[in-house]
Amino acid sequence: MPQQEQDSQQTFLGFDLSTQKLKAILLSSELKVVASADVKFDSDLPEFRTTGGAHAGPNKFEFYVQPVMWVKAMDIVLDRLVMQEVDLGTVVAISGSAQQHGSVYWSKHGIAALQSLDSNKFLHAQVDDSAFVVNRTPIWMDASTSKQCLEMETAIGGVTKMVQLTGSKCYERFTGPQIRKIYQQRTNAYEDAQRISLISSFLASLFLGKVAPIDYADGSGMNLLDIRTKTWSKACLNACAPDLEDRLGEPVSGFTVLGNVSDYFVQRFCFSPTCQVIACTGDNPSALAGMIVDKNWLSVSLGTSDTLMMSLQEPPNLEQGHVLCHPTEIEQYMGLLCFRNGSLVREAMNKSDAKGNWETFNELLESTPRGNFGNMAIHFDEMEIIPKAKGTLRWNKEMDISSPDAKKGVVKFSSPQIEIRALIEGQMLHHRAIAEDMGFLFGSESKILATGGASVNKSILQVIADVFNAPVYQQTESEAALMGAAYRAAYACYINENKTTDIKSYRDYILSLTPNLLNLVCEPNKDSDSIYVPMLQRYRDMASILESQ
């Protein structure tokens with residue numbers, strides 16, 4: 001077969017092992033979707049009795065999963081691709097994305113089982129419960145490690161030191177504190193654990209037939225990796241558990257070719273023996289890779305919690321945000337900010353002021369001018385993450401930080417339309433202020449990518465465009481983490497095959513093959529900056545009052 005024809009038949013396989021399902025996507029050499037399949041844990045694997053893909057543990061804030069459920073899901077998802085008559089022999093590279101922070105503890109038997117799989121048997125019949133020394137493995141929902149967080153931070157010299165080293169203070173869901181808890185409470189299991197994987201590297205391990213290394217980006221969500229040197233921090237490892245470095249293995253770049261797919265998949269599913277396994281990463285970094293945006297873009301996800309993602313040249317020392325190694329730009333960093341008071345606050349006001357009708361809500365929002373006659377509000381119904389504050393504060397146009405009533409504000413605005421605009425403008429001013437604090441530089445080249453449930457609401461997107469003074473785009477392909485996995489597999493193949501110095505950047509390479517799946521939704525009004533820059537300072541004054549109460 002001519003080389004060109006052979007290349008045109010190449011495909012790339014991406015996986016996303018999220019909290020609730022495992023999904024696979026197959027892309028052609030032009031990065032078009034050829035096939036996809038998924039396995040929903042609650043409904044497709046009822047024997048594991050999960051709710052939302054997880055179990056609540058016996059103690060408060062504990063959540064866990066049996067890792068063998070994910071193994072069985074892999075059996076099923078590959079069978080479902082085969083049932084669609086997908087030729088897996090065309091796959092030249094595999095990569096994956098997985099929920100962040102969860103950990104998997106391999107037994108000696110489990111590592112041996114990976115290396116000697118029998119293609120006549122299901123994967124889950126061989127990589128079974130005995131493959132893991134911890135069969136109730138903690139996932140990101142688990143928040144039971146406050147004690148371990150405090151111990152780790154104290155051991156290395158405080159919160160600021162932890163942020164400087166690892167990009168985040170110790171968070172209960174992060175892997176380091178979770179490993180420490182297992183070491184303290186189940187010492188025998190920890191000692192028997194030959195290797196410890198993240199869920200992403202566990203996914204790669206299944207295909208590789210041996211324990212795969214952790215990649216830099218997902219490794220940044222552990223409170224163990226020095227994000228500047230991209231090596232495990234000795235101080236953090238020592239503060240976590242003994243002999244941990246050997247169990248974690250050496251971290252690698254996200255484009256690392258880990259090796260060829262194991263013989264099991266060649267025999268059972270007819271993969272090519274030269275099919276390469278690429279390092280897998282966490283779902284947030286993979287989503288950034290799937291968005292194909294550059295350093296001028298800010299991703300705003302409008303969901304139960306609003307989330308901002310951005311590329312950063314240098315890691316800021318921001319106590320409440322997350323800084324990770326960038327998934328595709330080796331010299332850059334990725335900023336991640338989560339805010340608790342997102343869609344639920346918007347929905348509550350929709351019920352109270354627009355009778356639960358979003359059309360009415362949008363009409364009321366649009367009926368008030370930008371700037372809202374100087375009326376502003378902050379609604380932190382739940383304890384906000386940044387700033388750490390709870391409560392509601394409304395200011396009318398007469399009020400400022402020096403007003404005698406600044407701390408009390410006004411009880412209620414005069415109309416529902418003013419309430420609604422004050423809420424949406426207040427939320428977006430908050431998001432912009434914290435993005436600036438993290439180091440995102442707003443300018444004439446800035447663009448916003450809106451994702452998440454509320455990104456279908458054009459009236460809210462117009463407020464975002466105005467407050468951020470930047471055009472707002474939507475992505476036509478919604479599963480960014482899954483697409484990011486397949487795109488990274490394709491790019492890793494490309495750089496591995498091209499040893500010349502003239503190698504395209506990740507973004508340029510992907511966009512040379514596929515159009516950027518972005519639609520311009522709205523642009524800022526010309527007077528946006530003159531209205532919202534002064535309001536940004538007023539927002540900061542209001543936030544500082546709430547934070548001090």
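## Sheet, helix pair and cysteines

In strand E21, Thr451 is the bridge partner of Ser301. That pairing comes from a predicted model, so everything below is computed from predicted coordinates. The two strands involved are E15, residues 297-301, and E21, residues 447-451, and they run in the parallel sense over five bridges.

Zoom out a little and E15 and E21 turn out to sit in an open sheet of seven strands, ordered E17-E18-E16-E15-E21-E22-E23, with mixed pairing. At the edges you'll find E17 and E23 (518-522), each of which pairs on one side only. Going from one strand to the next, the twist averages 30°.

What does Thr328 touch, once its neighbours within four places in sequence are set aside? The contacts are Phe255, Ala289 and Tyr506. Thr328 itself belongs to the loop between strand E17 (322-325) and strand E18 (333-339). Although it is in a loop, Thr328 is buried, with a relative accessible area of 12%.

Now for the helices. H15 (residues 343-354) packs with H17 (residues 416-438) at an angle of about 175°, and their axes are 10 Å apart. Angles over 145 degrees count as roughly antiparallel, so that is how H15 and H17 lie relative to each other. On the H15 side, the contact is made by Val345, Arg346, Met349 and Asp353. Across from them, H17 brings in Pro416, Glu419, Ile420, Leu423, Ile424, Gln427 and Met428. Sorted by type, the residues of this contact come to seven nonpolar, one polar and three charged.

On to the cysteines. How many disulfides does a search of the whole structure find? The count is zero. Cys236 is in no disulfide, and its nearest cysteine sulfur, in Cys170, is 7.4 Å away. For Cys325, the closest cysteine sulfur is that of Cys236, at 13 Å, which is too far for a bond. The cut-off behind this is that a disulfide needs two cysteine sulfur atoms within 2.5 Å.

Here are Cys236 and Cys325 side by side, with their accessibility added:

| Cysteine | Nearest cysteine sulfur | Relative accessibility |
|---|---|---|
| Cys236 | Cys170, 7.4 Å | 0%, buried |
| Cys325 | Cys236, 13 Å | 1%, buried |

Why do Cys236 and Cys325 count as buried? Buried means under 20% relative accessible area, and Cys236 is at 0%, while Cys325 is at 1%. The threshold also covers Thr328, which is buried at 12%.

Methods: Residues numbered from 1 in each chain as written. Predicted model: local features only at pLDDT ≥ 70, side-chain atom pairs only at ≥ 80, totals over all residues. Heavy atoms only, no water. Buried < 20%, exposed > 50% of the residue type's maximum accessible area, 1.4 Å probe, protein only. Helix = DSSP H or I, 4+ residues; strand = E, 2+ residues; numbered from the N terminus. Contact = heavy atoms within 4.5 Å. Pairing = 2+ DSSP bridges. Axes fitted to C-alpha atoms, helices over the stretch in contact; angles between N-to-C directions. Parallel < 35°, antiparallel > 145°, perpendicular 65-115°, else oblique. Nonpolar A, V, L, I, M, F, W, Y, C, P; charged D, E, K, R; others polar.
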